[in-house]
Amino acid sequence: VSKKKCWEKLVENTLKYQGVEHAFDLVDYLYKSDPQFISDCHAYVHMVGEKAYEFYSQDKQIKLSSKSSFCGYGFYHGFMETLLIAGSDIKEAGEFCKWAEEKVGGKNDVQGACFHGIGHGLSENHDKIYWSNESELTDSPLLICETIGPNEYMINRCASGVFNVLAINYIAGSLPLDREDPLAFCNKQVKSYFKMPCFEEMNTMIIFISNKELLAAAKFLEEIEDEYAQSAMRSLAGVVGMNHRDLTFSKQIDDCRKVQGRFHLPCIRGFVSGLIEAETSAQEVKAL
């Protein structure tokens with residue numbers, strides 16, 4: 001049996017017999033004990049979120065902690081996708097996000113991550129293989145984000161989930177993409193709470209079409225106005241940091257020195273935040 005199958009079974013059984021809290025403890029242990037688990041961690045916490053919604057819909061108790069933010073907040077992706085596929089009232093999704101924030105507390109952006117999950121769930125269509133254009137994928141979800149978001153920040157976070165799915169579909173080839181102008185759709189956005197997350201969430205797509213080269217990807221950001229450009233740069237460099245497996249950082253630092261002048265600091269900050277998000281050890285971060 002492959003490791004992946006074994007891990008999947010472990011998570012399933014832990015959820016079934018011990019619940020969500022212990023499943024997060026298991027994920028924490030596997031993440032720290034086996035480097036191979038890291039790249040697939042998001043998928044496993046996604047599973048935890050799917051099962052958690054099943055418990056939630058049956059009025060069973062769910063214990064949430066700061067561990068719900070593990071591995072790119074995949075728990076909230078799974079929870080919200082399952083809730084929305086089940087045809088539940090969208091208001092219930094917003095209410096759960098507020099409840100989760102109250103339960104977890106602390107400095108984690110739980111409600112924001114949860115609203116990101118709503119956007120992700122609204123846009124994810126497992127029956128649709130190809131989309132004719134971006135508007136077909138995003139129009140309805142973005143309208144719902146505006147309807148349920150209690151403020152502009154939460155609308156932004158919900159929209160980030162929508163644009164995350166858009167980037168995934170670009171990469172998968174499910175949407176036509178102009179590789180000469182891959183950010184055209186983001187440039188067309190008028191409202192700031194849509195435009196900002198659109199540029200930020202295209203990070204994975206532009207690094208993908210740039211063969212994972214930061215400098216080549218950063219070229220696509222050079223014409224964006226400052227209000228959005230620096231956050232886009234930080235987000236782009238964050239992807240590089242999250243996927244960094246080497247203990248040396250000389251190439252990344254050198255690349256950050258070579259990007260457009262206004263991007264130097266956002267590039268370094270983004271790379272470091274990516275390392276932290278990937279739970280790189282404190283010793284490695286200190287070496288930077």
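Which residue follows α4 with a positive phi? In this predicted model, numbered from 1 along each chain as its sequence is written, local features need pLDDT of at least 70, side-chain atom pairs count only at pLDDT 80 or more, and totals for chains, interfaces and linings use all residues. Side-chain values use heavy atoms, with hydrogens and water left out. The answer to my opening question is Asp 59, whose phi is near 60°.

Let me turn to α4 itself. Helices here are DSSP runs of H or I with at least four residues, numbered from the N terminus. Helix α4 covers residues 41-57, and its end C-alpha atoms lie 25 Å apart; this agrees with the 24 Å expected for 17 residues at 1.5 Å a residue, the expected span being 1.5 Å times one less than the number of residues.

Among the buried residues of α4 (under 20% relative accessible area, 1.4 Å probe, protein chains only) are Val 45, His 46, Val 48, Gly 49 and Ala 52. The elements covering the buried residues of α4 include α1 (3-18), α2 (20-33), α3 (35-38), α5 (70-85) and α6 (90-104).

Phe 75 touches, with heavy atoms within 4.5 Å, residues including Val 45, His 46, Val 48, Gly 49 and Ala 52, and also Phe 24 and Phe 96, not counting residues up to four places away in sequence.

Phe 75 and Tyr 76 have the most contacts inside the largest nonpolar core, which has 88 residues. Such a core is a set of buried Ala, Val, Leu, Ile, Met, Phe, Trp, Tyr and Cys residues joined through side-chain atoms within 4.5 Å. Helix α9 (residues 152-172) gives the largest share of this core, 10 residues.

Terms used: Helix = DSSP H or I, 4+ residues; strand = E, 2+ residues; numbered from the N terminus. Buried < 20%, exposed > 50% of the residue type's maximum accessible area, 1.4 Å probe, protein only.
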